[in-house]
Amino acid sequence: MSTLPSPQYDVITIGRTCADLYADQIGCRMEDARSFSKYIGGCPTNIAVGGARLGLKTALLSRVGDDQIGRFVRETLQAEGVETCGLATDPKRLTAMAFLGIEDDRNFPLLFVRTDCADAALSEDDIDPDFIRSARAIVVTGTHFSKPHLEAASFKAMGIAREAGRKVVFDIDYRPNLWGLLGAGQGDIRFVADPEITARVQRILPGCDVVVGTDEEVHIAGGSTDTREALLNIRNVSGATIVLKTGPKGCLVFPDDIPQNLEDGISSQGFPVEVFNVLGAGDGFMAGFLRGYVRDLPIEECCRIANACGALAVSRHGCAPAYPSWEELQFFLSRGVINPRLREDADLEHVHWATNRRGVWDDVCAFAVDHRSQLEAMAAESGADPARIAAFKELALDAMLEARRPGMMLGTLLDSTYGRQALFRAEREGMWIGRPVELPGSRPLKFEGAASLGGELASWPDDHVVKCLVFYNPDDPEPLRREQMDQMHRLASAARLTRHEFLLEIITTAESTAGEIATAQAMQQIYDEGIRPDWWKLGDQSDAGWAAVGETLERNDRWCRGVLLLGLDAPADVLAQSITRAARSSHVRGFAVGRTIFGAAARAWLTGDIDDVAAKAMMRARFEQLIDCWQEARRAKAA
């Protein structure tokens, strides 16, 4: 008898996938919501994301349309670490959507847009036996038994898994209107009794190792609104471990006989948190339970992990985005509940943000061309029309793209004042992009553009990093420091609310007497205010200065992305020495340099001494020199 290879995946989830459109306005009817945030959703999709964040190797088996929403779902899953080889593209159907809202503490409107959608066309042909066998466990969900072809596909997957000795987990996931019992607009109604659906669900139960559901879901599966009687009816047809989700109380688990007193089931205490949003919390719970279950942890520990994941999920906006990373979960379990409004726990929210950021950025070689006032001054000196600055920034983008090479991550700093067209192009290139918000030369710090910084950032793509230059000395007069700090608080708040990373560029001025660790002291003062940038952009430091910077980062925010070295128009040979020094620090991720690269080319081009081709060649050559220097310095460090 042949032996199956070790499972490639911990869990494969099967069924619904969609875009969730969550109302941004809290406390109003869906009809009155003005704007929506777009996330991925659907029970199996949420479970796959939640499991991946907890360190499981997960995969989704479903369908999306050949449309923008389908590509969004696929790309988001991939960014979250979920395998998408089982996610088919249906060329004839659109990807499903769901509209969700938070009307008050008890009402959560939910509108499914699923007419002939892609995932509802899943068929037996989509079920690859080798793929199913490659997982320790599969998760099937109730909605994907609601139509004959979906039922056939799900039963096929279950049969293959059982034959291969894999585990089958059933999330009852009962949505009455998706079974045709209610109107299309009644997605928020969680329970309607129906004997025919109970009979169909009970055909699923004998083939399951674990069955998970809320009271209402257990009622439909067991054919009774008396919870114990429903559990007994489930037990009569299935030997599966039954997990009853009990909301804020946590859960009760029944691996064997159903006790007379349900409280005698295996349990783990819930967490005393304020419920903000129940939608998707059960999927977060399931992801947590699976993290323990596929690792063969005791049921009590599976429950503890699941309850914690559910508590975190009910505390935030959105479904999948609310789920914790494994590191965040350990932080939460070790520290406990400090503030029942978890979304207002600054330390917890920082760990959530920092450990769920997407992408890894290292060896960033960024050509900074976000300069406004400096290029305006150059144009004035040469008698050139300032309108030409926009064309020059496009030439700079051409130069950096031509300089791109393996072993580096290309980046840029670009503004929207003169670099709007270049920004549009850069967004399509997969580059690290930072955009300035400071009013050039302002001290105390002032912001450029709209009076509402959050309103300005809300229109930016999510992957644009908010860059803010602050002229700051640790020994500045207190009134000046206070005003600067207040502005940096505005920046940090706006960036987090709009889900953008932000970078602080700290430049000390000539009057500072703080010495070679001035930058580290400035950083510490900012951290003491509770401001935690994703990135820092810092000038050249001595070895002692870089050591102090590293100690400050380790002490205050070990999840910080790191530091980019700035250039300050230094001569190329001086900057090369700075890069060599900076590259020795494990916290420096690259450089973001501007005038050293473009200064001479800009002056000559604006005066008409050189053409576009020569300007690009000059900038490319200087940029490549810095890239060479950085890569050589990193190789020397690794040697």
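**Reading the terms: pockets, sheets and burial**

Tutor: In this predicted model, the helices α6 (215-222), α8 and α9 (299-313) each supply at least two residues of the lining of the second largest pocket.

Student: What volume does the second largest pocket have, and which residues lie nearest its centre?

Tutor: The volume is about 1100 Å³. Its lining has 38 residues, and those nearest the centre are Arg 190, Thr 214, Gly 247, Val 278 and Ala 281.

Student: How do the residues of that lining divide by class?

Tutor: There are 14 nonpolar, ten polar and 14 charged residues in the lining of the second largest pocket. Gly counts as polar under this scheme, so Gly 247, one of the residues nearest the centre, goes with the polar ones.

Student: What makes a space a cavity rather than a pocket?

Tutor: A cavity is space where a 1.4 Å probe fits but cannot get out, whereas a pocket is open. With a threshold of 30 Å³ or more, the count comes to two cavities. The largest holds about 120 Å³ of space. Of its 16 lining residues, the closest to the centre are Arg 16, Asp 20, Asn 46, Leu 100 and Arg 175. Two or more lining residues come from each of β2 (18-23), α1 (43-53), β6 (96-100) and β7 (110-113).

Student: What classes of residue line the two cavities?

Tutor: The lining of the largest cavity has eight nonpolar, four polar and four charged residues. For the second largest cavity, of about 30 Å³, the division is seven nonpolar, one polar and no charged.

Student: How do you know which residue of the second largest cavity is the polar one?

Tutor: The lining consists of Gly 142, Phe 145, Phe 170, Ile 172, Tyr 174, Trp 179, Val 201 and Ile 204. Phe, Ile, Tyr, Trp and Val count as nonpolar and Gly as polar, so Gly 142 is the polar residue.

Student: What is the strand order of the nine-stranded sheet, and which strands are its edges?

Tutor: The order is β5-β4-β1-β8-β9-β10-β11-β12-β13, in an open sheet with mixed pairing. The edge strands are β5 (87-90) and β13 (266-269), because each pairs on one side only and pairing needs at least two bridges. Neighbouring strands are turned by 15° against each other on average, direction ignored.

Student: Which helices pack on this sheet?

Tutor: Helix α4 (residues 148-163) touches β1 (9-14), β8 (135-141) and β9 (167-171), and its direction makes about 155° with that of β8. Helix α8 (residues 281-293) lies across β1, β8, β9, β10 (210-213), β11 and β12, at about 160° to β9.

Student: What makes the pairing of the nine-stranded sheet mixed?

Tutor: Both senses occur: β1 and β8 pair in the parallel sense over four bridges, while four bridges join β11 (residues 241-245) to β12 (residues 250-254) in the antiparallel sense. In the β11 and β12 pair, Ile 242 has Phe 254 as its bridge partner.

Student: How do you know that β1 pairs on its other side too?

Tutor: Four bridges join β1 to the parallel strand β4 (residues 58-65). The cut-off is at least two bridges, so this counts as a pair. Thr 13 illustrates both sides: Val 139 stands opposite in β8, and Leu 60 is the bridge partner in β4.

Student: How covered is β1?

Tutor: Six of its six residues are buried.

Student: What is the order of the four-stranded sheet?

Tutor: The order is β3-β2-β6-β7, again open and with mixed pairing. β3 (36-41) and β7 are its edge strands, each pairing on one side only. The twist averages 20° from one strand to the next. β6 and β7 are antiparallel and share four bridges, with Ala 98 opposite Phe 112 in β7. Helix α2 lies across β2, β3 and β6, at about 65° to β3.

Student: Why is Thr 84 called buried?

Tutor: Its relative accessible area is 8%, and buried means under 20%, so Thr 84 qualifies. Thr 84 sits in the loop between α2 (68-80) and β5. Leaving aside neighbours within four places in sequence, its contacts are Arg 74, Leu 77 and Gln 78.

Student: Why does Ala 602 count as buried?

Tutor: At 0% relative accessibility, Ala 602 falls under the 20% limit and therefore counts as buried. Ala 602 belongs to helix α20 (residues 595-606). Not counting residues up to four places away in sequence, Ala 602 touches Leu 375, Met 378 and Phe 392.

Key: Residues are numbered from 1 along each chain as its sequence is written. This is a predicted model: local features need pLDDT of at least 70, side-chain atom pairs count only at pLDDT 80 or more; totals for chains, interfaces and linings use all residues. Side-chain values use heavy atoms; hydrogens and water are left out. Axes are lines fitted to C-alpha atoms, for helices over the stretch in contact, and angles run from 0 to 180 degrees between N-to-C directions. Contact means heavy atoms within 4.5 Å. On a 1 Å grid over the protein atoms alone, a cavity is a set of points where a 1.4 Å probe fits but cannot get out, and a pocket is an open set with protein on both sides within 12 Å along at least five of seven lines; lining residues have an atom within 4 Å of a point. Grid points are joined across faces, edges and corners, and a volume is the space filled by probe spheres set on the points. Buried means under 20% relative accessible area, exposed over 50%, partly exposed in between (1.4 Å probe, protein chains only).
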